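This report introduces one protein chain to a reader who has not met it before. It begins with the interior of the fold and then turns to the sheet, to selected residues and to the confidence of the model.

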Amino acid sequence: MMTRINTRVRSRHRFRGLVQGPVQGPVRGLVRGLAGKDLILWRGTSSFSLSLSLSLSLALSLIVSLTLVLAACRQKAGDAATAAPTTAAAAIAPVEGAALPDSAPPPSFDSARAMQYTKEIVALGPRPIGSANHKKVEEYIYRHLKGDAVEDDAFTADTPEGKFPVRNIIAKFPGTKDGIIVIASHYDTNYPLRDTSFIGANDGAASSALLLEIANQLRGNKRDGYSVWLLWDDAEEAMKQWSASDSLYGVRHLAQKWQDEGTLKKIKAFLLADMIADADLNIEHDQNSTGWLEDLIYQSASRLGYQSHFFARQIAVEDDHLPFVQRGVPSADFIDLDYGYNNVFHHTTQDTIDKLSPKSLQIVGTVILETARGVDQKK
Ligand code: 1BN
Ligand code: ZN
């Protein structure tokens, strides 16, 4: 069964094609074309036609190799370009005091391991709040955080479908600086789709797996910068119809709790990951996120050579960062809401592991960590 839930994206501009078309399309097309031609050339039987075929094949290979090298050079140059591009990216300003030394190595991130975690979470099945599978995912996350400083924020949510237990899980990794960077992902799956095979491979599983891999990178040595708190938040999804009161149950509770406890004012940045593993990765330029943090994200992506996956489109996204934005915490949402043509896989049973790529996990994982380093250095 294919069920589709309404999305709530207000698109202001659409200029995706301008950014991505010239860079990635032609190279892929050429490789596919060559494979087809090769097969035809090798069909000849006489030695003359065979050697002619060989020569043609060699010549063609040479041309194709040269073209590929040129295309790769062009892509590299495009990725590394400092000149103002002709898209939304042109509006991204450098973040004052947040420049990173060029010598700093890129952050480590094991994307194969993150992909394996994604598969394991998906294998547990649909995980709507209140279900046995939901409990299994909680246990799965705890198992991977053995020995870490873990806290939870458990409460009962009053929803249009009744009362449900909700649990936010927080793993705390200390740093040398006074302040906190929160990196978050929801782990529940869509409740209205609970009786379908919807498993949210991209929607909840991949970003939760990404956080588990970030935990692996943080574990063991004190971070040279702010403390990082990893947050697996719960009950992000609406129970019936998305509204301010029917959505984001976990983070709304936690933001209020951290405000009451005085934790909120220590948070230097709240970085949210959601829907980040689509093989065709296009992270949105979210208008609800904090401007300077979005600038820093683009700067970090550029430094790693990944900016072609960022900010081709500007939209305003309602997601788990909202209760923090509303309380004045600098916040940003790493989200790709173009999952399949026109986002057709989002909130459907087609949100499955085959649509995802470890490369996308790598891109988002390292850009998040690079952005955290930029936050550490911001004056
Ligand atoms: C993201 C993943 N969301 C729910 N599951 C929130 C959302 C839905 C954000 C639609 C924008 C559009
Ligand atoms: Zn969802």
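**The nonpolar core**

The largest nonpolar core holds 89 residues, and those that touch the most other members are Ile 181, Val 182, Ile 183, Leu 210, Leu 271 and Phe 334. Helix α5 is the element that gives the most to this core, contributing nine residues. In soluble globular proteins, nonpolar side chains tend to be buried together. The structure described here is a predicted model.

One of the core residues just named, Val 182, can be followed through its contacts. Apart from neighbours within four places in sequence, Val 182 is in contact with Trp 229, Leu 231, Ile 267, Phe 270 and Leu 271.

**Overall composition**

The protein chain contains nine helices and nine strands. Of its 379 residues, 43% are buried. Considering contacts between residues at least 6 apart in sequence, 82% join residues that are at least 24 apart.

**The six-stranded sheet**

Six strands make up an open sheet of mixed pairing, in the order β2-β3-β5-β4-β6-β9. The edges are taken by β2 (149-159) and β9 (331-335); each has a single partner strand, so one side of each lacks a neighbour in the sheet. On average, and with direction ignored, neighbouring strands of this sheet are turned by 20° against each other.

Four of the strand pairings are set out below.

| Strand pair | Sense | Bridges |
|---|---|---|
| β3 (residues 162-173) and β5 | antiparallel | five |
| β4 (residues 175-186) and β5 (residues 223-233) | parallel | nine |
| β4 and β6 | parallel | five |
| β6 (residues 267-274) and β9 | parallel | five |

Individual residues show how these pairings are made. Between β3 and β5, the bridge partner of Ile 169 is Trp 232 in β5. Ile 183 stands opposite Leu 230 in β5. Ile 180 has a bridge partner in β5, namely Ser 227, and another in β6, namely Ile 267. Towards the β9 edge, Ala 273 stands opposite Phe 334 in β9. Phe 334 was also listed among the core residues that touch the most other members.

Strands β4 and β5 are also linked through a helix: together with helix α5 (residues 201-218), they make a right-handed β-α-β unit. Is β5 largely enclosed or left open by the rest of the structure? Eight of the 11 residues of β5 are buried, so this strand is largely enclosed.

**Two buried residues in helices**

Ala 114 lies in helix α3, which covers residues 111-123. Why is Ala 114 counted as buried? A residue is buried if 20 or more other C-beta atoms lie within 10 Å of its own, and Ala 114 has 26 such atoms, so the residue qualifies. Beyond residues up to four places away in sequence, Ala 114 touches Ala 209, Leu 210, Glu 213, Pro 358, Leu 361 and Gly 365. With Glu 213, the separation along the chain is 99 residues, yet the C-alpha atoms are 5.6 Å apart. Leu 210, another of these contacts, is also listed among the core residues that touch the most other members.

Leu 322 is found in helix α8, which covers residues 322-326. Leu 322 is buried because 21 other C-beta atoms lie within 10 Å. Setting aside neighbours within four places in sequence, its contacts are Leu 248 and Asn 288. Leu 322 and Ala 332 are 10 residues apart in sequence, and their C-alpha atoms are 9.3 Å apart in space.

**Confidence of the model**

The average pLDDT over the protein chain is 81, and 74% of the residues score at least 70. Over residues 1-60 the pLDDT is below 50, although the model shows 63 contacts for this stretch beyond near neighbours in sequence. Residues 64-90 likewise stay under 50 in pLDDT, and the model gives them 30 contacts beyond four places in sequence.

Notes
Residues numbered from 1 in each chain as written. Chains lettered and ligands numbered in written order. Predicted model: local features only at pLDDT ≥ 70, side-chain atom pairs only at ≥ 80, totals over all residues. Helix = DSSP H or I, 4+ residues; strand = E, 2+ residues; numbered from the N terminus. Buried ≥ 20, exposed ≤ 12 C-beta atoms within 10 Å, placed from the backbone. Contact = placed C-beta atoms within 7 Å. pLDDT = per-residue confidence, 0-100. Pairing = 2+ DSSP bridges. Axes fitted to C-alpha atoms, helices over the stretch in contact; angles between N-to-C directions. Right-handed = clockwise from strand over helix to strand, strands pointing away. Core = buried A, V, L, I, M, F, W, Y, C linked by C-beta atoms within 7 Å.
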